[in-house]
Each structure stands twice: as structure tokens, then as C-alpha cells.
Amino acid sequence: MKLRDLFLLPAALWFAVFILLPLLIVVVVSFATRGTYGGVEWAWTLQNYARAFSPRYLGIFFESFQLALVTTVVCLVVGVLISWSMATASAKLRQIYLMAMVLPFLTNLVIRIYAVRMFVGAEGPLQTGLTILGVPFDPYALTQNKVLVLYGMVTTYLPFMVLPLYGAFEKFDFSLVEAAQDLGAGLWKILFSVILPNLKTALWAGSLLVFIPSLGEYVIPDLLGGAKNMLYGNLITEQFLKSRDWPFGAALSVLMMVLLLGLAALFRLREARHGK
Amino acid sequence: MLELLNIGKSFSSQTALKGINLSIGEGEFFSLLGPSGCGKTTLLRIIAGLESATSGQILLDGQRVDQLPAQKRPFNMVFQRYALFPHMTVGENIAYGLRLRGLSKDAIEAKIAEVLALVDMGEFRDRKPDTLSGGQSQRVAVARALVNEPRVLLLDEPLSALDHKMREHMQKELRALQQKLGLTFICVTHDQEEALALSDRIGIMSRGVLEQVSSPREIYENPETIFASQFVEATSMLRGELVEISEDLATIRLGDGSLIKGKINVPPDQIRLGMSIEAYVRKAMVFGERTK
């Protein structure tokens, strides 16, 4: 064994013991049966998976899927524009933008979300401002709504989109844009026919990096959306913590994992086919 | 005819171009020659519309074109590193400008075939740019620009990315192509040999000023400004003392003591040993294809 392989050994061991093994346990448990008072009984069944595909749970899944998809699309649009202007800014400005992009990560997610709640909450700047201006508003709808949820999701996951895109934009040959201009293409045409096709890999990578965590996200929708709709993340948590139905929770987790790994595999496959 | 009237360009604190006046005739091969940073590329980009001038006007046949965006100007550019779209095939690259103009599919196909035949690249139509050599990419870049039938073709250091042998070959091709089409070419280069070989006229630029505009032969034999003479002299004119003469072969001792031999064209009655003499290093290429 080479020395540098030895350096990887601790990481590999850690991965095996704390990630692979627990996942294996989850998979095994997903085929077991819930005991009468919670707990796991080792009677093998596919019942958990059948239940996961019942309309009620599929509905929850689609709700989550929709949120993740909208978040990804918004991040994609905003991310392309931000990383475009970042990459074409002067070197000094670029550093400031990068810093501003990464800075929120130095604070805790829950604190950031609560900061947003304070802002829109009773006696927060928004409501105070609206009261002074005499604009009528519904305090309940203002503090908990889908726009806020989307805002929280997008601001949280945007850096995952921007960073790969920014890297790709930095390497992008902007003389291609000039060539397209010279040949008669307008701004939108250039964006769609020259810039985006050449950033495909980064676009896919960024989308996956946003989509995967947002599919399991439930803290942000809970805190900013008023926990009105159950999402897939909540559903799983509840199985483990409240309903004490570990096998069903495990089955839901396995399904989610299969879906996300499938997406990642599709991405790799696309890479392999189009890459050099 | 393309006319530049008093073109000036300044970036925040620096002046990049100062009062450039120039008129370039129909079907002329015009080169802008100068060291890097002299403003020649900026001038070309201003003509293309990729940058805007701070002052001055650009006229094409008496009509102002400087207010048009790059997209609307009847000029096309061959970029220094070709700027071929890497995600498109050669054919798609060439079709890009035609599609934007809304030509029919058949017309586009016909034009692609025609222009690829012109640059002798017919069999490369379905290749991606990253599978082409430098010379092939160069030809595709020229084809992509020419297919739009521009009034003026702008070339930004078109041959600088090629190796020496390929460069000489492409020089000939470019010149032949230009004469065949009778199209106006404006070529930016820092390579004086290239400029002398290709051009009908050369504009020598230095620090944002157009120092001299004349034919290669004039620039070579009678440089007007000190800068122009220095630029041409740098590699091709030697000064020395005549030390020996036999028949029409003269031996000249250069400043560093080395001796060179060459044919002499000074009238016999003016020849004196020890006289100061200028020797030009000529190459077959120097005065262009036309005078050979």
C-alpha cells in the first residue's frame, strides 16, 4: 500500500462505520415490522414500501418535490445572473461579492431564519413600516406564507448554485460572446445559444447541489410557512420521533435515497457520455 | 470605402487612441502594425463595434455606422484565438450568423457548402472545433465570418496562434482569398513581416497614434517617423561600413565587427570604401505576392 493510500484510511474507516453501516441498518429495518408499542420486530415485509406509495404519502412527496423544484429553478435563474455579473466584475469587486455570498454561511441556519421571522414579525421593521405608511395588511398572512418559504429556501441554497457556476464562468471564454455579437446575436440569444450550453456541467452540478438538500428540507418551511403542510422531511422525522414507526420511516428514507442517488447517477452518466 | 474620422478612446485615466484618421478603400488589404499595447486591437474592436470610441465617427460609404451596435454592422471579425463555439460543429458554427438572419434551411446549407469549399474544409463540416488543428480552426473562423458576406473583414492577430510554418502558409492563403473575393480586409498584427507580406497598405501605430500610413515598400524604404523607422529597422535594416567590393558583391562590416556580404545597388561612381552603408535584409515574402 502506498503512503498516500494510508492517509485515506481513516476517512475510509469513518465512512464505513458511520455512514455505510448505519445506512445498511436503515435498509434492513425498512423491511421489518413495527412492534405494537414501537420498536422493531424482525418479521420481513414489503408492507412499508407499499404504504409509502399510498396516495396520502405520495401527496406529501409531491409537495416536497414541488418545493425543491421551484427552489432549484429560482436558484438557477438567480444564480446564472449573479455568477455572470460576479465573473465579469473587477478583481476587487469579485472578492467582495464572493465574501458576501459565503458570509451567511458563518451564521447558523436557524438563527438566520429567525432573523427573517423577526423582520416580518409583529413589531418588526416590515409591519412597523407598513403601519406608519398606513398600508393595511394581514399580520398572520404576512408572517407565514409561501413567498417567505421560497425566500428562505433560495437564500439558503443559492451559494450551492452560485459557486460552481462562478467557477465555470471564470473559465468561460468571453470572446465567444463577442463572436456571437459580431455574428448578430442579441443578449438573450447569446445567453441561450452560447453561454448556457457551455456551462451545462456546472448548471447540472449546481442544480443537483440545490435540489438534493431542498427535497429533504423541513426546518425552513416549518418556521416560515407555519408548518401548514407536511413535507417529506417532516414525515420521516415524525415516523422516527413521534409515531415510533421506525420501519416505515426507514422505508421512506430508502426511497428518498434511491431517488437522489438515481439523479446523481443520471448526472454522472450524462457527464460520461458528453465529456471527453 | 471605410473612413475613420478623429477616433479617440480613453479609459478612465489613460488615453488609448488619439485622433485616428484613416480611410480604407474597397478591396484593400490594410494592416495595423505596432507593438502590443499600442492601441491597434482597440481600434479594430471599435470598428467592429465591440468597444465604443470616446470621440470620432466611422463612415462606410459616407454613412455613419458608429452608432450601430456590433450586431448591425456589416463587418465580421476573425478573433485572435478563433472563438469557435465549442459545443457546435463546424457547420453549425458557420450557420450561426445565417440562422440569425432568418435564411431558409436550403440557403444556409448551400452557403455552408460554398464557404467550406472556399477555405478547403469541406470534409470537416461535422467535426467539433476541439478536434481541429490550429490552421483548420483558423480557416473555419474565416469561413464563419465570410459566410455573412461582410463589407469588411476584421482580423485580430489572425495568425499569431499558429506555428511558423503554418503561419507562412496561411499568409499566402489569406492573401489569395482576399484577392479572389476583392473584399476589404483590416488586419491587426505585431508581426512586421506578416504586415509587409500581406498588405496593400500598412498603418504603423504607436502609443495610440497612427504614425504612418503607406505601402509596405514605402514604409520599408522611407520610414516617415522615427518610430516607424525603428519599428521596421528593428529586425531588417542593418547599418555598417563598406570594407570590400568585388563585382557587385559588397562586404559590409557591422557595428559589432561582424561581416556580411550582399549585392549592392549603389551607382558605381558613388561607391567609396569606408562609406557608411545601409543593408536591408530581404526575404522573398517581404514585398508581398503581387510584386514577385
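The following exercises, each with a worked solution, concern a predicted model with two chains, A and B.

Residues are numbered from 1 along each chain as its sequence is written, while chains are lettered from A and ligands numbered from 1 in the order in which they are written. As the model is predicted, local features need pLDDT of at least 70 and side-chain atom pairs count only at pLDDT 80 or more, whereas totals for chains, interfaces and linings use all residues.

**Exercise 1. Describe chain A as a whole.**

Step 1. Begin with the secondary structure: chain A has 14 helices and 2 strands. Helices (H or I, at least four residues) and strands (E, at least two) are DSSP runs, numbered from the N terminus.

Step 2. Consider the extent: the C-alpha trace of chain A spans about 70 × 70 × 40 Å along its principal axes.

Step 3. Consider burial: of the 276 residues in chain A, 29% are buried. A residue is buried if 20 or more other C-beta atoms lie within 10 Å of its own, exposed if 12 or fewer, and partly exposed in between, with C-beta atoms placed from the backbone.

**Exercise 2. Determine whether helix 6 of chain A lies in the open, and examine the residue after it.**

Step 1. Helix 6 covers residues 125-133 of chain A, and the number of buried residues among these 9 is 0, so the helix lies largely in the open.

Step 2. Just after helix 6 of chain A, A:Gly134 takes a positive phi of about 75 degrees.

**Exercise 3. Describe how helix 3 and helix 5 of chain A pack against helix 8 of chain A.**

Step 1. Recall the general description: two packed helices are described by the angle between their axes and the distance between the axes. Axes are lines fitted to C-alpha atoms, for helices over the stretch in contact, and angles run from 0 to 180 degrees between N-to-C directions.

Step 2. Helix 3 (residues 55-88) and helix 8 (residues 146-171) of chain A pack at an angle of about 45 degrees, with their axes 7 Å apart. That angle makes helix 3 of chain A oblique to helix 8 of chain A (angles under 35 degrees count as roughly parallel, over 145 as roughly antiparallel, 65 to 115 as roughly perpendicular and the rest as oblique).

Step 3. By class, the contact of helix 3 with helix 8 of chain A has 21 nonpolar, 3 polar and 1 charged residues. Here Ala, Val, Leu, Ile, Met, Phe, Trp, Tyr, Cys and Pro count as nonpolar, Asp, Glu, Lys and Arg as charged, and the others, Gly among them, as polar.

Step 4. For helix 5 (residues 109-120) and helix 8 of chain A, the angle is about 145 degrees and the axes are 11 Å apart. On the helix 5 side, A:Leu109, A:Ile113, A:Val116 and A:Val120 make the contact, and on the helix 8 side A:Leu148, A:Gly152 and A:Thr156 do so. Two residues are in contact if their C-beta atoms, placed from the backbone, lie within 7 Å. This contact of helix 5 with helix 8 of chain A has 5 nonpolar, 2 polar and no charged residues.

**Exercise 4. Trace the open sheet of 4 strands in chain B.**

Step 1. The strand order in chain B is 2-1-4-5, and the pairing is antiparallel. Two strands pair if DSSP finds at least two bridges between them.

Step 2. The edge strands, each pairing on one side only, are strand 2 (15-24) and strand 5 (63-64) of chain B.

Step 3. Strand 1 (residues 2-10) of chain B is joined to strand 2 of chain B by 6 bridges, and these two strands form a hairpin with 4 residues between them. B:Ile7 stands opposite B:Ile20 in strand 2 of chain B.

Step 4. Strand 1 of chain B also pairs with strand 4 (residues 55-60) of chain B in the antiparallel sense, over 5 bridges. The bridge partner of B:Leu5 in strand 4 of chain B is B:Gln57.

**Exercise 5. Establish whether B:Glu26 is buried or exposed, and locate its contacts.**

Step 1. B:Glu26 is placed in the loop between strand 2 and strand 3 (29-33) of chain B.

Step 2. B:Glu26 has 12 C-beta neighbours inside 10 Å and therefore counts as exposed.

Step 3. Leaving aside its neighbours within four places in sequence, B:Glu26 is in contact with B:Met1 and B:Thr184.

**Exercise 6. Analyse the contact between chain A and chain B.**

Step 1. The contact takes 14 residues from chain A and 17 residues from chain B.

Step 2. On the side of chain A that touches chain B, helix 9 (175-182) and helix 10 (187-198) of chain A are the elements that give two or more residues. The largest share, 6 residues, comes from helix 9 of chain A.

Step 3. The residues on this side of chain A divide into 6 nonpolar, 5 polar and 3 charged.
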